[in-house]
Amino acid sequence: MTEELPPDLPATSLLHSDSQSRRGAVVAPIVQATTFSAATSEEFLDMATKSFSDEFYVRYGNPNHTQVAEVVAALEGAERAIVMASGMGAVSTLALSLLEVGDHIVLQRSLYPGTSTLATDVLARFGVTADVVGQDSLDELRSTIRPSTRLVFVESPSNPHLGITDLRAWAEVVHDAGALLVVDNTVATPINQRPLERGADMVWHSATKYLSGHSDVSAGVVAGSNDLMQQIWRTHLTLGSVLGPFDAWLLLRGLRTLDVRMTRHNENGLAVARFLSDHPDVERVYYPGLVSHPQHELAARQMSGFSGLVSFVPRGGPARADRVLDALRLVPRAASLGSVHSLANRPAAMWSNRPPDQVREPVDDALIRLSLGIEAKEDLIADLAQALQV
Ligand SMILES: *Cc1c(COP(=O)(O)O)cnc(C)c1O
């Protein structure tokens, strides 16, 4: 009798869960071919009709897609994952695969602006109605969800306030109503949080952020049960948010170090959040790892680390916030997050064309969002200390 090995921990499965599909190559070759030949008509028919075919035509999938998808599925504890060309490509494909006219959806108020805009500007034109509820209000969720609700979209931690959604509690309410819970796990990553284990039905990512990790790839991924991924894959073939093979290869290369990168991002996030909350010139700090965060207990229950996003409001309003940003030497002003390089911005300036506030949570004009990279925390703290002297 062979002894069952325990399932690999994330640090190991990041390196090994694609070993079969690499077929012996330690580093998989980049398969640039858009089309594959068949030796016989029977084989051609099989290639053209089987699900998740990765050696037929590139829009259906390619070996580099399969390798990344296997690694992400293993990390999220999902039966299957599908990679796409961006995070928005992933969530749009998910929504357009599963929704139809007359369906109702529920959105957490503090979603990524692209996700709320997908609902208000695109899905609304196809007869899908949406309601928005607060991230910390189960009562609001209970009174908003209805029999026609098909999908509920949440994101935890949210951006830029790092609010926490109680995934297990939301999943219960969502399932009682016969709907599905969809979680944007971009900010936490599966190293810090595994939503499917807490009852979520699907997880999606902007793999442009932590999963690839180096600000050099645009990619997205959706993960969940075989049944749901089958439905999404069918529509994905038509919508065509296809990840380039080289970008899939880069994403896989980035993923290999996700566990060690997140350890450092988590460490830097906590150290900088503590430094800022002790600083006399800082009005407010948002970081779920701080005991002073209003949902710290919940965050500590459902996450094993708190990531590298820290938001804070310096005293003196938006003009002073801009001076602080200008004075930073190691942290450039840039959109995006989750890179090995630290990045900072003032979201109110970035999202000036945001949808009205009944859809989006209002953001303090002076709030600065830091995405802490993997630099030495002492250097990041010293840089912030000198910038806060302006
Ligand atoms: C960036 C981001 C997205 C969108 O992903 P893209 O790869 O830019 O399309 C979605 N959700 C979150 C939380 C993000 O940070």
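**View 1. Salt bridges are absent where domain 1 meets domain 2.** In this predicted model, the count of salt bridges across the interface of the two domains comes to 0. Polar contacts are another matter: 19 residue pairs make them across this interface, with both partners at pLDDT 80 or more. So if you are browsing the boundary, look for polar pairs rather than salt bridges, following the rules used here.

**View 2. Two domains share one protein chain.** Domain 1 covers residues 10-255, and domain 2 covers 259-387. Their C-alpha centres are 26 Å apart. On the contact itself, domain 1 contributes 39 residues and domain 2 contributes 38.

**View 3. A close look at the area buried between the domains.** About 3,400 Å² is buried between domain 1 and domain 2, and carbon and sulfur atoms account for 56% of it. Zoom in on His161, Asn192 and Tyr210 of domain 1: these residues lose the most area to domain 2. Together they make up 24% of what the domain 1 side buries.

**View 4. Helices on the domain 1 side of the contact.** Four helices each bring at least two residues to the side that touches domain 2: H1 (10-16), H5 (113-122), H8 (189-192) and H10 (245-255). Helix H5 gives the most, with 4 residues. Sorted by character, the residues on this side of domain 1 comprise 17 nonpolar, 17 polar and 5 charged.

Technical notes. Residues are numbered from 1 along each chain as its sequence is written. This is a predicted model: local features need pLDDT of at least 70, side-chain atom pairs count only at pLDDT 80 or more; totals for chains, interfaces and linings use all residues. Side-chain values use heavy atoms; hydrogens and water are left out. Domain bounds come from an automatic or database domain assignment. Contact means heavy atoms within 4.5 Å. Buried area is the accessible area (1.4 Å probe) that two parts lose on being put together, summed over both. A salt bridge is a side-chain nitrogen of Lys or Arg within 4 Å of a carboxyl oxygen of Asp or Glu. A polar contact is a pair of N or O atoms within 3.5 Å; within protein, one must be able to donate a hydrogen and the other to accept it, and residues adjacent in sequence count only if both atoms are side-chain atoms. Ala, Val, Leu, Ile, Met, Phe, Trp, Tyr, Cys and Pro count as nonpolar, Asp, Glu, Lys and Arg as charged, and the others, Gly among them, as polar.
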